Amino acid sequence: GGIAGAPAPFDKGGVKIALIGYISAGDFFQAYQAGAEAQAKALGIDLQVFQGRQDAAQQREQVLQAINLGVKAIVIDHGQPEALADVAQQALDKGIKVVAFDVNLNNPAIPQVEQSDHRLAELALDQALKDNGTAFKAGYVYVAGFAPLDRRNEIWDKVKAANPGIVEAARFGTVSDTTATATADQAKAVFRANPDISVVFAPYDEFARGVKLAAADLGIQDKVKIYSADVSTADIQEITEKGSPWVATAATNPSVVGAVSIRAAALQIAGDQVPHQIVVEPALITQKQLRDAGVTTIDELAKKVPAFSTSTAVTASWIPAAAF
Amino acid sequence: MLLSIEGLSRAFGSTQALDAASLSINRGEVVALMGANGAGKSTLVKILAGLIEADAGSIYFDGRPYHAKSPAEAAARGIVTVHQSTDVIGIPGMTVADALLLDQFADGRQPFFLSHRSLRRRAAAILSDVGFDLPLDRDFSELGTADRQLVAIARALSNQAKLLILDEPTASLSAREAERFYQMVRGLKARGIAVLYISHRTADLQALADRVVVLRGGRVVAQQARPIDLVKAIETMIGRPLSLVHPQRRTVPGRPVLHLSGVRIFNDTPAFDLTLREGEVVALTGVLGAGKSRLLSLLFGLGRFASGRAVLDGAAYAPSGPAEAIARGVVLAGEDRHRASFIPAGWPGESIASTISLPYLRRWHPHGILRERREQAAATDAIARLGIKATGPAASVWSLSGGNQQKVVLARWDAEPSRLLMLDEPFQGVDVGARQDIIAALRSRTDRATLLATSDPEEALEVADRVIVIDRHRLLEQTPPDRRTNSTLIGARHEELA
Amino acid sequence: MNTRRDPHALADALPLAAQLRDGLRRGVVFLLLAALVLIFSVLQPAFLTLANAMSILQAVAVVAIIGTGVTVTLAVGGFDLSVGAVAASSVMAASYAMIVLDLGAFATVALVLAFGIVVGLFNALLIVRLKVPDLLATLSTMFLLTGLQLIPTAGRSISAGLILPDGSKATGKVDPLFLAIGRSSLFETLPLPVLLMILVAIVLFVLTERTRFGRLLFATGGNETATRLAGAPVERLRGFAYVLSASLAALGGIIVAARIGRGDVSSGASLLMDSVAASLIGFAVRGLRRPNVGGTIVGAVFVGVLLNGLTMLNAPYYTQDFIKGAVLVSALALTYGINRKMR
Amino acid sequence: MNTRRDPHALADALPLAAQLRDGLRRGVVFLLLAALVLIFSVLQPAFLTLANAMSILQAVAVVAIIGTGVTVTLAVGGFDLSVGAVAASSVMAASYAMIVLDLGAFATVALVLAFGIVVGLFNALLIVRLKVPDLLATLSTMFLLTGLQLIPTAGRSISAGLILPDGSKATGKVDPLFLAIGRSSLFETLPLPVLLMILVAIVLFVLTERTRFGRLLFATGGNETATRLAGAPVERLRGFAYVLSASLAALGGIIVAARIGRGDVSSGASLLMDSVAASLIGFAVRGLRRPNVGGTIVGAVFVGVLLNGLTMLNAPYYTQDFIKGAVLVSALALTYGINRKMR
Ligand SMILES: Nc1ncnc2c1ncn2[C@@H]1O[C@H](COP(=O)(O)OP(=O)(O)OP(=O)(O)O)[C@@H](O)[C@H]1O
Ligand SMILES: Nc1ncnc2c1ncn2[C@@H]1O[C@H](COP(=O)(O)OP(=O)(O)OP(=O)(O)O)[C@@H](O)[C@H]1O
Ligand SMILES: [Mg+2]
Ligand SMILES: [Mg+2]
């Protein structure tokens, strides 16, 4: 059924939208998808989800498939711009609306939803500078080739350049089935080789968990501080644990981003204008804040930190709020 | 002179397999190379075939020096070989037709593009040239040892060879195929093709050899041209006199061990009875594919009789598999040693000692932990008793000559007492001297029944108290006890059946 | 005239039931495939269109091409674990050639194929000359390449404007002609990668199943000693198989690079798994129970149809792997499990 | 797949040069290991400490344990591709048991090990009863599990407070006793996972190399027909190998779960690759050229030392894979390449 009072075609319902993801596994993407699905349900949208499975060629193929299926709009969630730009243009040519999340398709007709990795990194690093001053020995966890990490890396480079007192004593990191434990194994070697590291910037929660595990194994939890990005229920528990060296993380709520992406698509279908740049502001979440508020899960976080749970970006009176 | 070999030597570790051997062959001549197991015959063959290299010595072939580094090079010079091992003839998973044409694929005599029909036609042509009968579309792995030898022979004969080397090609052929094979070799000889021939069957040598060369310990110790005194040659070869006396039949047959009543091998084959008694040696003979191996494997629990009843030592006997058969005291030495008995080279369990101990691990290592000494002792004993030529119990079976490998198989099943010992083609490649010793040992045991399958009627007569002919899966005749007078009769019977 | 009793040739003279069983065994993959197509078409009419069929083939083309290479190494009794890494590093090599070295499409393709051949020769050297077991040799090549591909760019993906480790900026760009390899279609219907897949399939099918060369490849895998004794150059045959599989993997990498238009850092692990899966499923096709090129292609298409159909039905990604596994298990159980009574 | 030595090759006692060559061949992995330790200790004194040695062992424990299981399947002539997926789904199963089913540490461990055994039996069923080729059977099990592990939680990872697909909230939490499996140390020095690895290694080393049972395992892998004809229950032996490898993979999963303290979604592909690598490198240890438990452990430690040392020296991550591959290739070339003159 449709929504009474909504502009066409949402008054009748059954609008087809495709959500084409690049990365399928992992909490972030699950939550993003769940948010998108919830918003789609609230809008009576028939959402077709394609799984990119980290395969850029396949994701490109799926855009073509979505065009063949006759959808009204396509939401592209991450991916490789080079692989997508021309097929996105094909979709536009066929009158299909396109929304891109966290992948810069560099096309004025495509609104860009962003959780702003730059902002994430800035928030976390600002807090690190506030806590530790501008001169300290740092460990940095980074693996190149992952777009969000690469963007967060740009900020790290900038902050280092601006604060010559920050010494990057070691750079490590690994992405595998067991990212957290593999990173922990590396972190232990790093801490042994560089006992004077006091700050670790781990801009991905799996990395942060690995570093925390290493610090616990070595019994140096009180000597280091970990700053990260992203958050999940398990992360909250680790951050608030007694003696945890993980002191702050910066994050957006992926479900909110998912809902915003769908709303951007829906508004376009209804004929409204949406801004080209739609930024969902991340929030800084500190250990102190969490402990003080007694937050233990992501839902409680959403309830207690409203900035984390909703976004007023791109919405309209006829769009019902999604429940997630 | 087609081939002349001067001072050829080759050592494997501490074993001097060939020790300055010299030999020559003329065009159109059939030279029999004789020698006890481990004398160095196959080593010589392998060097000529381009499989291994000599340490010293020179070879001239067809007027030019010869130094083949691969089988392909040997074939290009006109030397074609049938090797002793039946494991190296065809490919499991490919058809018999493919096996027949394998070297034609390799040397380009076949067209690049193939069709199933032309392939089959060419393979059939090869078979009809030699007059053998083989199922062309069957998977090669399903062929028995004898059929495999036929494939190898047919393939070799289809080649344009100047020198044909045959290393025990007839070890498990029956009289009929062997006779057909003799005709073929004579035909080649008439066309001027030279043949270097290795066999432990005196019948072969008598039928074919123009000249014999006797090898001992890697050296040529004697040569004889026609007329050939085979007994003398054999005595030179084994280094002791040959006792030509057949062992006598024991007068007292013991208690029955196994009794079969009304058994059928297949649903539509006739039923038969059979009783085997303690202390007797019974030989089962018949043409190739008659069902000898099948009967033995059914008794060993590899499949079931279509009907009928078996009783072992008074209790019903219907083994579900080799494990149960062995537990009941029924053991089988299979006819294809590579497939049925040996662990591959480089893998734990390839040594002589562990090859012998494999069925007895529970008995010899009762606490589960391996006691190397127990099996070393058994192997040392076997090496001495059967005259196995080896560097020791820890030597790999793959370092043994063909005949010595076969002795290891026999030693395995002789290492512990059993009720019924079954041997399928037990003397393949075993030299005359060793065979006599083994036969004597087999016959000296009165605590078990022995049933052996052989395609050679002579051999059956030589070893058994009783000879049973099998044809198309039925037992045909149990010959009366006096074997010598009946030898011609069995031979005739054989011909008639074939 | 064969008068002998033949326990294994019973199939031709046997009851109808057994013949049916045998037919089922040979046809089970095709039956399952037909069933899938039927179900998906009923539930989602858009499934059974020419465009979607081409999408499916397009999606499986790379895996099928790499899979045929793996199949050839399986045929010679080996196993190439490095194909995924070769394909992944070919993607990097192609992008590097264009973006950093500023080469054109032809030079790039030639360079990447040459790279594949070199890797194949390296594998062949390890396996044939140094006698390193196949799995071991290709596994180390896999690690080598997984690392090697990252070194020229210090782990970064390659796209226009890349900053090189020495701080300078790459000046080249991706040649549109190169992109056409992955993105253009013949007569607006047949995507070029699909055409390449069909060509590779035909050539390799004929080569392996219909020529004496193919016989020797299988013979080498079945019994290397016997094949050498028959005078075949088994070493060269095995070497050939590895060079072929690495070249095909490089071709697969070229197609991927042309489709995504940049050099993306990836381990190639999923390409390896998927192409191995295709060649292994191929064993079951036509009940052959051995590596075969035709089966590999069918296997790849089979998985492609399954995943495409499930996606169209909006099945969550985590059920897709499970269903893939379940369908695979049933196909195998039917192919191998049936007919066991006959022995 | 051809892991066996040529039946016509030999290695008997020979002159001094040959003996030296042979010694080098047998010791090359240890020599390389010693060289690595030396270099790393000189460049970074913190490397050669007991604590760091324990860190290295801790890092390789899971891979080593899973690798020994793979080794046993290699010994019976098979290959278990499903171990990575079994370990990954054991991580999920352990967390599910505690967080959703609210079980304690003991019940959880029992449940996960039982899960491993069931998967092993399933593999054994496919391989031994239905005669599906090993690679094919374990590959499909891998796909099955990769999907299956995600279904109970709809693809989410599992931690306290998880929202189940039906909307309710999980009430359990991770038992601290369970976490101790991955995080506690004996006498403050020997981490429990390392202890487990040592126990597994000793038990399996003795079992495979020193008992009649081990002899039968290898015999089955060497020549199944011959082993059956010698009266051994080859089917049960092969089944045992798969049950063992799946159980060890489940144990590996338990350790991972206890280290990370939650159920993380992963395919297990890198666990598979690393443990296969360990068992294959094991071939080269002591020049055995065959699967062996001792070698597998040494192989895992070898890779662990390399990666730990390189990390300490701050070698960029992208060079590590390459160096790993290069070191592997040299070890292989030396182990297998030497001594070829003897033919
Ligand atoms: N690969 C090998 N490694 C070690 N020793 C070997 C090898 N091949 C042969 N030998 C040894 O060389 C000697 C000669 O073996 P060869 O195979 O030439 O004997 P043969 O005359 O063919 O014997 P048979 O009649 O039993 O076949 C034997 O002592 C054998 O053990
Ligand atoms: N284990 C087996 N596997 C495959 N085929 C077999 C097996 N045993 C026997 N056969 C085939 O069954 C038929 C009956 O042969 P069987 O081996 O019993 O006869 P045989 O008298 O021993 O002859 P042969 O001299 O060929 O061994 C032959 O065609 C043989 O190839
Ligand atoms: Mg010989
Ligand atoms: Mg027989």
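This is a short walk through the chain interfaces, one metal site and a few individual residues of a predicted model.

Before the details, some conventions: the model is predicted, so local features need pLDDT of at least 70 and side-chain atom pairs count only at pLDDT 80 or more, while totals for chains, interfaces and linings use all residues. Residues are numbered from 1 along each chain as its sequence is written, chains are lettered from A and ligands numbered from 1 in the order in which they are written, and side-chain values use heavy atoms, with hydrogens and water left out.

Let me begin with the chains. Of the 5 pairs of chains that touch, C and D have the most contacts, a contact meaning heavy atoms within 4.5 Å. On that rule, 50 residues of chain D meet 51 residues of chain C. The area buried between chain D and chain C is about 4500 Å², and carbon and sulfur atoms give 81% of it; buried area here is the accessible area, with a 1.4 Å probe, that two parts lose on being put together, summed over both. Across this interface the rule finds 0 salt bridges, where a salt bridge is a side-chain nitrogen of Lys or Arg within 4 Å of a carboxyl oxygen of Asp or Glu.

How are chains C and D related to each other? Chain D is superposed on chain C by a rotation of 180° with 0.1 Å of shift along the axis, at an RMSD of 0.2 Å, the fit being by least squares on the C-alpha atoms of residues with pLDDT of at least 70 in both copies. The two copies are thus related as by a two-fold rotation axis. The same surface serves both copies, since 86% of the contact residues of chain D recur in chain C.

Turning to chains A and D, 37 residues of chain A are in contact with 36 residues of chain D, and the area buried between them is about 2700 Å², of which carbon and sulfur atoms give 45%. Here the rule finds 3 salt bridges; A:D235 forms a salt bridge with D:R262, with the closest N and O atoms 4.0 Å apart. Chains A and B, by contrast, do not touch, and their nearest C-alpha atoms are 34 Å apart.

Next, the metal site. The magnesium ion, ligand 3, is coordinated by B:S42 through OG and by B:Q84 through OE1, at 1.9 to 2.2 Å; donors are N, O and S atoms within 2.8 Å of the metal (3.2 Å for Na, K and Ca), and because water is not among the atoms, sites may look incomplete. B:S42 lies in helix 1 (residues 41–48) of chain B and B:Q84 in the loop between strand 6 (79–82) and helix 3 (96–107), so the pair ties together parts that are 42 residues apart in sequence. Helices (H or I, at least four residues) and strands (E, at least two) are DSSP runs, numbered from the N terminus. B:S42 is buried at 17% relative accessible area, and B:Q84 is buried at 16%, buried meaning under 20%, exposed over 50% and partly exposed in between, with a 1.4 Å probe and protein chains only.

Finally, the interior of chain C. C:T68, in helix 2 (residues 50–75) of chain C, is buried at 0% relative accessibility. Leaving aside neighbours within four places in sequence, the contacts of C:T68 include C:V200, C:L248 and C:I297.
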